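User: Got a minute to go through this one with me? I'd like to hop around a bit.
Analyst: Sure, let's put it up.

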Amino acid sequence: MKPSPTILTAILGSAATVCAQSPAPPAPAAEQLKVLEARIRKLEEELQALKAIRPAPSAEPDQQPRPDETPVRLGGAGGAAGKALNPDLSLIGDFRAAVGHDPVRQEPGLENHEVELGLSAVVDPYSRGDVFLAFGKDGVEVEEAILTFPALPGGFSAKVGKMRAEFGKVNTRHNHTLPWTDRPLVTENLLGGEEGISDMGVSVSRILPAPGNLFLEATVQVFRGNSEGLFTATRKKDLSQVGHLRGYHDLTENTNLEVGLSYARGHNELGSDFTTTLRGADATLRWKPLQRSIYSSLLWRNELVWSQRELLDGTHASKGFYSSLEYRLNQRWTFGARYDRSGRAAEAGLVDRGWSALGTYWMSEFSQLRGQYRSTWYAGGQRAGEFRLQLLFVMGAHGAHPF
Amino acid sequence: MAIGVVRGWTGRALALATALFLGTSPSALHAGGKLNVVATTSDLAALAIEVGGDKVGVSAIARGYQDPHFVEAKPSFLLNLRRADLVVAVGLELEAGWLPPLLNQCGNPKVQPASQGYFDASQSAEILEIPAGPVSRAMGDVHPMGNPHYWLDPANGLRIATGLAQRLAQLSPGDAAYFQARLEDFRKRLGEAERRWDERMKPYRGRKVITYHRSWPNFAKRFGLQVVDFVEPRPGIPPSPGHLVALMARMKRENIKAILVEPYFDLKTPQSVARETGGQVVVLMPSVGGNKDTGDYIRLFDYDVELVARALQTDK
């Protein structure tokens with residue numbers, strides 16, 4: 001606050017008065033003292049008068065430092081601050097071991113199945129990026145690289161990039177988020193193998209208006225048309241399409257039901273005149289008591305897939321399904337079972353069957369050990385029985401839990 | 001456009017997308033003039049109600065008796081989130097497992113992090129246990145940004161409410177005076193309640209207690225309790241027999257009688273520890289709405305303070 005001109009004039013005026021009176025004639029000490037006292041009194045009075053005409057100070061003027069009094073901070077942040085914008089890193093290891101015999105799905109006794117490096121960051125106010133690089137037995141591949149626009153006008157959200165297609169439930173999942181050490185037979189037989197439908201494309205989703213507390217979401221995806229073992233684009237315009245309709249309803253606070261319908265169509269390895277069409281239906285029933293969620297839960301998931309593959313000798317129609325049950329017994333143990341049955345896409349009439357029993361030990365949220373006994377009856381009388389072990393671990397960023 | 005022009009699946013996909021677009025718009029702007037607030041926990045919802053009154057419609061994602069670390073990202077939450085004007089989050093990575101996917105899927109640009117419709121309550125609160133040294137998961141499921149259970153100090157409740165009043169006023173400037181008046185009323189009622197709680201807890205200041213999880217540092221600091229050990233050896237890691245033996249020895253040696261547990265943890269282990277040591281298990285409510293006696297923010301502390309005081313009173 002600057003002193004007003006009136007105050008300055010008053011102070012200067014009184015100072016001048018003092019100066020003017022100082023060269024007074026000499027007097028005895030006691031008298032001099034009296035004169036001085038009088039002067040002091042006069043000065044004090046003037047001071048009081050000046051204080052009175054000054055504007056009243058605001059409440060608690062000295063409680064907080066005024067902004068212009070805070071010390072100037074020189075230089076920017078140092079150290080790790082510059083790295084704050086680096087993407088979140090996570091690394092997931094998936095080691096496996098197997099004993100027993102499987103003549104069709106042959107895997108080594110010990111295997112570094114996959115090490116997945118995940119990089120995630122918000123790109124700008126409109127989008128976020130998620131890239132997952134898988135280092136496995138086939139070298140390095142981009143498992144997913146997605147630019148997500150979570151909030152487009154009109155309630156749409158979009159994804160662009162290499163991604164797992166929204167076909168059913170299990171196809172969208174990375175290996176380490178599955179409750180099994182493998183993928184169901186129907187994925188292997190009808191969806192092109194372990195990778196499933198995975199391709200470069202564009203995906204648009206929107207929550208649909210629905211009555212009550214029903215959740216409905218539609219997703220439409222267009223892909224380049226190349227998905228290993230399933231779709232082959234021999235021309236630029238051989239795009240593949242995937243559509244998914246998802247319905248979800250909370251039956252009670254602890255129980256919910258999710259159903260989905262899926263559709264996929266693309267050209268197959270015989271060329272542009274031959275297509276493969278897949279239709280799918282899935283249903284998941286979940287029970288998880290909210291107050292005991294870390295100790296106990298039950299999940300029952302079923303998926304059916306119908307495949308129509310146009311081949312030289314006509315259209316081969318096959319179907320397959322799996323039914324999987326997972327039960328969490330306590331904080332550390334989950335048990336499960338799965339039944340598999342699937343025809344073969346290119347050999348209509350041949351049907352493989354199998355079942356699995358599973359147990360997972362959760363050392364913490366960040367590492368698990370899983371055992372699976374898998375028994376398979378392949379078409380043509382081949383029999384397989386294998387005990388499989390999987391060790392999973394997560395390093396780095398705490399990823400979201402899949403639902 | 002003639003139907004015949006829409007050919008091939010790409011065309012049909014575009015047609016479907018257009019049809020969806022022409023459907024209802026999700027952002028039915030705060031119906032009835034109310035701001036739609038979605039809080040991640042019932043505590044933040046309760047504070048939003050204290051400040052927002054009948055000018056806001058508030059819903060919470062996690063229930064009061066639910067472990068807020070392990071909420072599932074159920075699609076049904078998206079129905080509220082897509083209509084929200086404001087999302088209030090605890091932050092400090094408490095919701096890391098479920099809020100990011102929900103915000104990614106809800107298709108609502110207003111409530112994305114860093115926008116005006118996203119309020120991280122931890123930014124208004126005093127945060128304890130911010131790690132000063134190296135952090136690794138050898139410490140269990142640690143929160144590198146500090147302890148996220150900070151709402152369990154009434155001073156933080158008031159700070160969060162103050163921050164919320166400001167944010168609500170930015171979103172609905174016409175109601176700024178209303179929010180301010182409600183904040184002042186809350187401040188007054190909370191102040192009176194705090195004097196009551198302080199009086200009740202006064203005889204027990206400095207007493208040692210055990211908690212199951214690291215959920216109570218703010219509560220303990222506020223009411224002068226010393227949390228000296230935990231049933232979980234490290235956050236998120238189930239108790240091992242060796243740790244429990246050491247814990248029981250310590251409780252006997254230091255004459256510690258109270259084990260504070262949230263209702264979502266297994267009671268068997270703490271109960272057997274209590275039996276061995278002559279102590280008792282106190283099931284505190286960590287969040288509003290955990291039971292019928294904890295219907296709002298002040299009643300939550302009424303309930304917890306009374307339970308703690310009674311437990312420490314009997315084991316004198």
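User: Let's start with α9(B). Which residues are exposed on the other side of that helix, away from the buried ones?
Analyst: B:K268 and B:R275 are exposed there. Keep in mind that this is a predicted model.

User: And which residues of α9(B) are buried?
Analyst: B:P270, B:V273, B:A274 and B:T277, in a helix that covers residues 268–277 of chain B. Seen down the axis of α9(B), they fall within an arc of 100°, so they line one face of the helix.

User: What does that face pack against?
Analyst: The buried residues of α9(B) pack against α8 (241–253), β7 (258–261) and β8 (280–283), which belong to chain B.

User: What comes right after the helix?
Analyst: B:G278 follows α9(B), and its phi is positive, near 70°.

User: OK, switching to the interface. How many residues of chain A are in contact with chain B?
Analyst: 39 residues of chain A, and they touch 45 residues of chain B. On the chain A side, the elements giving two or more residues are β5, β6, β7, β8 and β9. By class, that side has 19 nonpolar, 13 polar and seven charged residues.

User: What does β9(A) pair with?
Analyst: Strand β10 of chain A, in the antiparallel sense over 14 bridges. The two form a hairpin with two residues between them, and A:L261 stands opposite A:A281 in β10(A).

User: And β10(A) with β11(A), how many bridges there?
Analyst: 12, antiparallel again. In that pairing A:G280 stands opposite A:V305 in β11(A).

Technical notes
Residues numbered from 1 in each chain as written. Chains lettered and ligands numbered in written order. Predicted model: local features only at pLDDT ≥ 70, side-chain atom pairs only at ≥ 80, totals over all residues. Pairing = 2+ DSSP bridges. Helix = DSSP H or I, 4+ residues; strand = E, 2+ residues; numbered from the N terminus. Contact = placed C-beta atoms within 7 Å. Nonpolar A, V, L, I, M, F, W, Y, C, P; charged D, E, K, R; others polar. Buried ≥ 20, exposed ≤ 12 C-beta atoms within 10 Å, placed from the backbone. Arc of directions from axis to C-beta.
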